[in-house]
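Here are some short exercises to work through with the model open beside you. Try each task before reading its solution.

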Amino acid sequence: MAIVDLVMPKMGESIMEATVLKWLKKPGDSVKQDETLLEIATDKVDSEVPSTAEGILQAILFDVNDVVPVGAVIATIQTDAAEIVSLEQPVSGVLNQGVPETTATTGPDELFPHNADQSTDNTVPVLSMNKFYSPLVLNIAASEGIDLSEMEKISGSGNEGRVTKKDILQYVENRKNVNSDSPPEIVHSKPRVKLQEEEIIPVNHELSSPYTGNVEIVEMDRMRRLISDHMVRSKQTSAHVTSFSEADVTNMVIWREKIKNEFEKREGVKITFTPLFIEAIVKCIRKYPLINSSVDGNKIIIKKDINIGMATALNNGNLIVPVIKNAGQFNLVGLTKQVNSLADNARSNRLKPEDTQGGSFTLTNVGSFGSLMGTPIINQPQVAILAVGVIKKRPVVVETPMGDSIAIRHMMYLSMSYDHRIIDGSLGATFLTSVANELENFNPNRNF
């Protein structure tokens, strides 16, 4: 017999934890390799976790609604293999081995050094005196000089008394504020929301004051809470600045109206304005590649692949951002099919985890709801997001060789929020103006 650990899989480069939604098996049940054991959710998409081995589900280490770091052991499976891999053997002195310096791209499964004579890898949480510690918790403890004996005195708020990231950070904070030889008690007060790997802020989910009269109090669903946390984290991370422009898109509107029936008949999909916007954005990103980047500490990571996220409203009112990978490699027909496919999959809950990962720039169409313009929030870890407003007919001044005149034109506002840490107003405004010019100079005689 052997014990195989099932760990929380890494669902993307920016995803460091996931929430357990539902266990499909219970301890004692037999499982087959690749059979789905549980359903999880990230701030991107829901997914299923398959078994990595065939055998008997021995133990479930996290309950429904627990937030689990990537790389943590979530269950153990008893197999018929001869080699025994046990989680019950205490690990001593592990915190004194030191933790290697990590970069911002290091994931939780790399936060703890691997010891060649240990039978388990560095993704397995440490067990001491019947307490489990995840690699992330151990890394924080080591960096703060907290040894194993001191950690055993911390009361955990996780499953079966497990010490969570919230517990260790609260302990470190109290430890600094209290001048005492004995470790301070953990005070579990307000829930806390993850901002970055080492940065959290308190969030009060209690009603600020008693409400009287005819009111209805609605609890946020899981996805709305994730969106809320993601938006707050973005505001805390990036220095948001928003620039505005407008474009005369008359040529584009007339062209689409002229070819849309033929396009649908030939290609089998409807053409919307979204692929036309994305086409213009891709052209401008190639001119100004810094827009297609992210920030890693004091480093600027310029992305060579142009992966465009498109904010998509779901039927329940929530929002998700599927990503068109390598958007610059598609022609207009290819972009149209990508847009329609991802939007349909999003609204029918058929998106895969990889469909929402790796975005380098985001487009959101606030005009689809009748809004003139908006001030969108950056989708981390990107540095810019562009919003397009509703297209409306307006009288505008048109310059002609015969002089100025007033004409009825199809006009649209554009707004772009960008990270002022690396994008100054000159670049942000120049890029936005470039997109507006691409749309204004649309060739009404082009083929599709």
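**Exercise 1: the setting of Thr312**

Task: decide whether Thr312 is buried or exposed, then describe its surroundings.

Solution. Thr312 has a relative accessible area of 3%. The cut-off for buried is under 20%, so Thr312 counts as buried. Keep in mind that this is a predicted model. Next, place the residue: Thr312 belongs to strand E17, residues 312–313. Now look for a polar partner: a polar atom of the Thr312 side chain lies 3.0 Å from the backbone oxygen of Met310. Finally, list the contacts, leaving out residues up to four places away in sequence: Thr312 touches Asn318, Leu319, Ile320, Pro322, Ala343, Ala346 and Arg347.

**Exercise 2: the span and packing of H5**

Task: compare the expected span of helix H5 (residues 250–267) with the distance between its end C-alpha atoms.

Solution. H5 has 18 residues, so at 1.5 Å a residue it should span 26 Å. Its end C-alpha atoms are 24 Å apart, which agrees. Now check the course of the helix: H5 has a kink of about 50°, centred on Ile259. Ile259 is also one of the buried residues of H5, among them Trp255, Arg256 and Phe263. Then ask what they pack against: the partners of the buried residues include strand E13 (240–248) and helix H8 (425–440). Just past the helix, Gly268 has a positive phi of about 80°.

**Exercise 3: a hairpin**

Task: find how strands E14 and E15 are joined.

Solution. E14 (residues 293–296) and E15 (residues 299–302) run antiparallel, joined by four bridges. Val295 stands opposite Ile300. Two residues separate the strands, and Gly297 in this hairpin takes a positive phi near 65°.

Conventions
Residues numbered from 1 in each chain as written. Predicted model: local features only at pLDDT ≥ 70, side-chain atom pairs only at ≥ 80, totals over all residues. Heavy atoms only, no water. Expected span 1.5 Å × (residues − 1). Bend = angle between axes of the 7 residues up to and from the residue. Buried < 20%, exposed > 50% of the residue type's maximum accessible area, 1.4 Å probe, protein only. Contact = heavy atoms within 4.5 Å. Polar contact = N/O pair within 3.5 Å; in protein donor to acceptor, adjacent residues only side chain to side chain. Pairing = 2+ DSSP bridges.
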